[in-house]
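Student: Please take one part of this model and go through it closely. Start from a single residue and work outward to the elements around it.

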Amino acid sequence: GLYMRFTRNRKCEHIVTSQENPSKSVINRAAKVLRSGGIIIYPTDTLYGFGVMINNKKAVKRMYEIKKRDRKKPYSILINTIEQAEQICGGLTSREEEFFKILLPGKMTVLLRAKRKLNIPGLEHLEKVGFRIPESNLCHLIIRKVGSPISSSSVNISYEPNIDETNEISSQFSSDVDLFLDSGPVFSLKG
């Protein structure tokens, strides 16, 4: 409908960047787009992800629409610290904290039981939340600059394969997002 016609006219900014040593201007640009309610595509240590501020209902809704994803199907949350997970889910048990420290940062998504009602668009109905801390300096710096966790949802249409080719990502999604941070192929396709 009308909404898709509007999003199709977006102008996507495409920036080639390093995951390990991104420039300050790249981080600042990503943070600005996220804070203004935009959607970014960014590389992680496993695949490319759609990033939105998790407290922005409109941005989360747009991400679901781009992916053609069922609203009941959750997305993971990209964080920098255990404290950010605790702010969302409530305090961690010592066992959960131990798991967190063993598994993250890394290519895993750690599921934590919510100890209180979640107040995050798209995740309100969940009892557990998936958290990621990728081994990616770019991801770490974006979260630090934006001052808040962001979504981590693979760049693909729901139930279709993940996309690893950056030119395919660009041709399929650049008209729907605001910023594409391109660091070339990401070789692990688990996600």
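**From one loop residue to the sheet**

Tutor: P74 is partly exposed, because its relative accessible area is 32%, a value between the limits of 20% for buried and 50% for exposed. The model is a predicted one. P74 belongs to the loop that links helix α3 (57–67) to strand β4 (76–78). Once its neighbours within four places in sequence are set aside, P74 has contacts with Y64, R69, L123 and L126. L141 is 67 residues away from P74 in sequence, and the C-alpha atoms of the two are 24 Å apart in space.

Charged residues come next, beginning with R71 and E65. R71 makes a salt bridge with E65, with 3.7 Å between the closest N and O atoms. Both residues are partly exposed: R71 has a relative accessible area of 41%, and E65 has one of 22%. E96 and K115 form another salt bridge through their side chains, at 2.9 Å from N to O. E96 is in helix α5 (residues 94–103) and K115 is in the loop between β5 and β6 (128–132), so this pair links parts that are 19 residues apart in sequence. E96 counts as buried because its relative accessible area is 15%, whereas K115 is partly exposed at 33%. K61, E65 and R71 are joined into one network by salt bridges that share partners.

The structure has seven salt bridges. Another of them is formed by R29 and E13, whose closest N and O atoms are 2.6 Å apart. Since R29 is in helix α2 and E13 is in strand β1, this pair ties together parts that are 16 residues apart in sequence. R29 is partly exposed at 28% relative accessibility, and E13 is partly exposed with a relative accessible area of 30%.

That pair leads to the sheet. The sheet is open and has eight strands, in the order β1-β8-β2-β3-β7-β4-β6-β5, and its pairing is mixed. The edge strands are β1 (13–16) and β5 (110–113); each has a single partner strand, so one side of each has no neighbour in the sheet. From one strand to the next, the twist averages 35°.

Strands of a sheet pair through backbone hydrogen bonds, and the pairing is either parallel or antiparallel. β1 pairs with β8 (residues 179–182) in the parallel sense, over four bridges. Within the strands, V16 is opposite D182 of β8. β8 also pairs with β2 in the parallel sense, here over two bridges, and L179 in β8 is the bridge partner of I40. β2 and β3 pair in the antiparallel sense over four bridges, with I41 opposite F50 of β3. These two strands, β2 and β3, make a hairpin with four residues between them.

In a regular strand, side chains alternate between the two faces of the sheet. From β2, I40 and Y42 point one way, while I41 and P43 point the other way. All four of these residues are buried.

Two helices lie against this part. Helix α2 (residues 24–35) lies across β1, β2, β3, β7 (150–154) and β8, and it runs at about 150° to β8. Helix α6 (residues 137–146) packs on the sheet and touches β2, β4, β7 and β8. The direction of α6 makes about 140° with that of β2.

The loop of the hairpin deserves a closer look. D45 is in the loop between β2 (40–43) and β3 (48–51). D45 counts as buried because its relative accessibility is 11%, under the 20% limit. The D45 side chain has a polar contact with the R132 side chain at 2.6 Å. The side chain of D45 also reaches the backbone nitrogen of E135, at 2.9 Å.

Taken together, the loop residues P74 and D45 differ in exposure class: P74 is partly exposed, and D45 is buried.

Note on methods. Residues are numbered from 1 along each chain as its sequence is written. This is a predicted model: local features need pLDDT of at least 70, side-chain atom pairs count only at pLDDT 80 or more; totals for chains, interfaces and linings use all residues. Side-chain values use heavy atoms; hydrogens and water are left out. Buried means under 20% relative accessible area, exposed over 50%, partly exposed in between (1.4 Å probe, protein chains only). Contact means heavy atoms within 4.5 Å. A polar contact is a pair of N or O atoms within 3.5 Å; within protein, one must be able to donate a hydrogen and the other to accept it, and residues adjacent in sequence count only if both atoms are side-chain atoms. Two strands pair if DSSP finds at least two bridges between them. Axes are lines fitted to C-alpha atoms, for helices over the stretch in contact, and angles run from 0 to 180 degrees between N-to-C directions. A salt bridge is a side-chain nitrogen of Lys or Arg within 4 Å of a carboxyl oxygen of Asp or Glu.
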